[in-house]
Amino acid sequence: MEKEMEAPYLDYLNDLALNTSKIRHDAHNQYTAIKNLISLGTKEETLQYTNSLIDQAEEIAQGFQDVHSRPLAALLMGKKSECTPNSIEFEFQLSSTVSQFSGWKDIDMVTVFSNLLDNAIRSTMEVEHPKIVIKWGMEGNDEVVSVENTGLSIQPEEFQHLFELGFTRYGGKV
């Protein structure tokens with residue numbers, strides 16, 4: 001049982017390490033481009049390129065400044081940036097009235113949101129107008145997060161398995 005409980009956290013840590021490596025690699029490529037533009041003596045192009053990188057970073061970060069959990073905000077920004085090159089529209093709506101699951105640990109929130117968004121991204125890769133919408137608000141006295149996407153729907157026979165450890169609709173159990 002303990003091994004089964006550790007699996008999602010180990011998967012999360014592996015994903016985090018892989019994403020960190022990808023970010024480092026991408027950043028290295030951007031710094032290399034800037035360095036080479038400088039060495040070519042193209043001051044104006046270097047400035048334009050650098051400004052475009054800053055604009056892209058600000059656009060990705062926009063909308064997540066009110067997320068209380070910094071690790072969760074970082075995850076959401078990463079997932080949004082993952083959607084961009086795949087032409088997936090990513091929308092995040094956060095109500096100012098939610099406590100943002102204040103009793104939850106950051107690692108648990110990151111794990112839950114990561115799984116939901118990974119599934120949404122995977123699902124939307126096969127449709128013509130891919131879009132993911134996250135709505136985080138209140139319904140009565142309940143704090144509710146919904147992740148909607150234009151991808152394939154969850155089938156009714158899958159509902160009973162949604163909260164089983166390791167269940168995925170992409171090839172059975174993981």
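## Thr 124 and Ser 114 in helix α4, and the α2/α3 packing

Thr 124 touches Ile 88, Pro 130, Lys 131, Ile 132, Asn 149, Thr 150 and Gly 151, leaving out residues up to four places away in sequence. The model is predicted. Thr 124 belongs to helix α4. One of its partners, Gly 151, is 27 residues away in sequence, yet the two C-alpha atoms are 4.1 Å apart in space. The side chain of Thr 124 also has a polar atom 3.0 Å from the backbone oxygen of Ile 121.

Ser 114 sits in helix α4 too, which spans residues 106-124. Setting aside neighbours within four places in sequence, Ser 114 is in contact with Leu 75 and Lys 79.

Are these two residues buried or exposed? Ser 114 counts as buried because its relative accessible area of 7% is under 20%. Thr 124 is buried as well, at 0%.

| Residue | Relative accessible area |
|---|---|
| Ser 114 | 7% |
| Thr 124 | 0% |

Next, a helix pair. Helix α2 covers residues 43-61 and helix α3 covers residues 70-83. Their axes are 9 Å apart, and the helices pack at an angle of about 120°. That angle makes α2 oblique to α3. The crossing is right-handed.

Which residues meet where α2 packs on α3? From α2 come Glu 59, Ile 60 and Ala 61; from α3 come Met 77, Lys 80 and Ser 81. By class, this contact has 3 nonpolar, 1 polar and 2 charged residues.

Conventions: Residues numbered from 1 in each chain as written. Predicted model: local features only at pLDDT ≥ 70, side-chain atom pairs only at ≥ 80, totals over all residues. Heavy atoms only, no water. Helix = DSSP H or I, 4+ residues; strand = E, 2+ residues; numbered from the N terminus. Buried < 20%, exposed > 50% of the residue type's maximum accessible area, 1.4 Å probe, protein only. Contact = heavy atoms within 4.5 Å. Polar contact = N/O pair within 3.5 Å; in protein donor to acceptor, adjacent residues only side chain to side chain. Axes fitted to C-alpha atoms, helices over the stretch in contact; angles between N-to-C directions. Parallel < 35°, antiparallel > 145°, perpendicular 65-115°, else oblique. Left-handed = near helix turned anticlockwise from the far one by under 90°. Nonpolar A, V, L, I, M, F, W, Y, C, P; charged D, E, K, R; others polar.
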